[in-house]
Amino acid sequence: MTCNQCGADAPADAAFCPRCGAKLSSASGASGNRPPKAAHLQAGAGRGTSADVPEDELWSGGYSPKAVIGWYIVAGVLTILAGAGALYADAGSAVWLAIAVGALVVIGCLALYSQYKRMSVHYRLTTHRLVLQTGILSQVDNRILLVDIDDITVREGAIERLFNIGTIILRTTDETTKEESPDRAAPGKGVVIMDGIENPRHVGDIIDESRRAERTRRGVYMMNA
């Protein structure tokens, strides 16, 4: 290689002339000839992207059968009250049969509903996204990036707290969620309702900490942090 400034010979892989110190023309084109993938990774490294962060599973779960225990209790109380009323009125066998059949139907419906929810709803949380899988025969995966989750609410009823069951409500800017379940209280956002979750406060904390970490890596400002 020959230096354009002083004409001295220089090694082929030299960046500067050994005599005058001028920058050699081949070195100036080195960055321009860099493969597109290498250039993309170098550009993303300075912006705090999560491309280099492995996607690990942090939590997975679904609808817990314990979520309908409260309804079982209500059905049992109503059955007892109906039986007490029939006993007080000295009702015939037809009334008792109706009460028994009604109780069995209600309990059967609750059991079927619980089983359907358990089989048709599944959640998976990773370091990058929350995946909502719905359906039994035909399944749909809604993948929500953690940086799109703006608010997390954990709700537990009186009976649910006894069994450590609750509902997690997410408000997100995910486009699919906004189309399928828009938030009436906040235009431009969608709502994801995860009901029947065991240990909901712990799961809510995991989601919150994961979205904070992901937003920090991506350099996203957290208005609702």
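In which helix does leucine 81 lie? Leucine 81 lies in helix α3, and I shall begin there. Please bear in mind throughout that the structure before us is a predicted model.

Leucine 81 has a relative accessible area of 54%, and because exposed means over 50%, this residue is classed as exposed. Leucine 81 also belongs to a nonpolar patch on the surface, whose other members are Trp71, Ile73, Val74, Val77, Leu78, Ile159 and Leu162. Together these residues present about 810 Å² of accessible area. Which helices each supply at least two residues of the patch? They are α3, spanning 69-88, and α5, spanning 158-162. Helix α3 gives the most, with six residues.

I turn now to the aromatic residues. A pair of aromatic rings is described by the distance of the centres and the angle of the planes. The model holds two aromatic pairs. In one, the rings of tryptophan 59 and tyrosine 123 have centres 6.5 Å apart and planes at 15°, so this pair is stacked. The pair connects distant parts of the chain: tryptophan 59 sits in strand β1, residues 57-62, and tyrosine 123 in strand β2, residues 121-126, with their positions 64 residues apart in the numbering. Are these two rings' residues buried or exposed? Tryptophan 59 counts as buried, at 15% relative accessibility. Tyrosine 123 is likewise buried, at 4%.

The other pair is made by tyrosine 63 and tyrosine 113, and its geometry is edge-to-face: 6.2 Å from centre to centre, with 85° between the planes. Here, too, distant parts of the chain are linked. Tyrosine 63 is in the loop between β1 and α3, whereas tyrosine 113 is in helix α4, residues 93-120, and the two are 50 residues apart. With a relative accessible area of 8%, tyrosine 63 is buried. Tyrosine 113, by contrast, counts as partly exposed, at 41%.

Let us remain with helix α4, where serine 120 also lies. Serine 120 has a relative accessible area of 5%, and it is buried because that value is under 20%. What does the side chain of serine 120 reach at 2.7 Å? The partner is the backbone oxygen of tyrosine 116. Setting aside neighbours within four places in sequence, serine 120 is in contact with Gln133, Thr134, Gly135 and Ile136.

I close with the backbone, and with two asparagines. Asparagine 164 is not a glycine, yet it has a positive phi of about 55°. Where does asparagine 164 lie? It is found in the loop between α5 and β6, the latter covering 165-172. Asparagine 164 counts as partly exposed, at 36% relative accessibility.

Asparagine 199 also has a positive phi, of about 50°, although it is not a glycine. This residue lies in the loop between β7, covering 190-198, and α7, covering 200-218. At 32% relative accessibility, asparagine 199 counts as partly exposed.

To review the main points: the nonpolar patch on the surface draws six residues from α3; the stacked pair joins tryptophan 59 and tyrosine 123; the edge-to-face pair joins tyrosine 63 and tyrosine 113; and asparagine 164 and asparagine 199 each have a positive phi.

Conventions: Residues are numbered from 1 along each chain as its sequence is written. This is a predicted model: local features need pLDDT of at least 70, side-chain atom pairs count only at pLDDT 80 or more; totals for chains, interfaces and linings use all residues. Side-chain values use heavy atoms; hydrogens and water are left out. Patches are made of residues with over 30% relative accessible area and no salt bridge: like charges are joined within 9 Å, nonpolar side chains (Val, Leu, Ile, Met, Phe, Trp, Tyr) within 5 Å. Accessible areas come from the Shrake-Rupley method with a 1.4 Å probe; for residues, only the protein chains shown count as cover. A salt bridge is a side-chain nitrogen of Lys or Arg within 4 Å of a carboxyl oxygen of Asp or Glu. Helices (H or I, at least four residues) and strands (E, at least two) are DSSP runs, numbered from the N terminus. Buried means under 20% relative accessible area, exposed over 50%, partly exposed in between (1.4 Å probe, protein chains only). Rings of Phe, Tyr and Trp (its six-membered ring) pair if their centres lie within 6.5 Å; planes under 30 degrees apart count as stacked, over 60 as edge-to-face and the rest as tilted. A polar contact is a pair of N or O atoms within 3.5 Å; within protein, one must be able to donate a hydrogen and the other to accept it, and residues adjacent in sequence count only if both atoms are side-chain atoms. Contact means heavy atoms within 4.5 Å.
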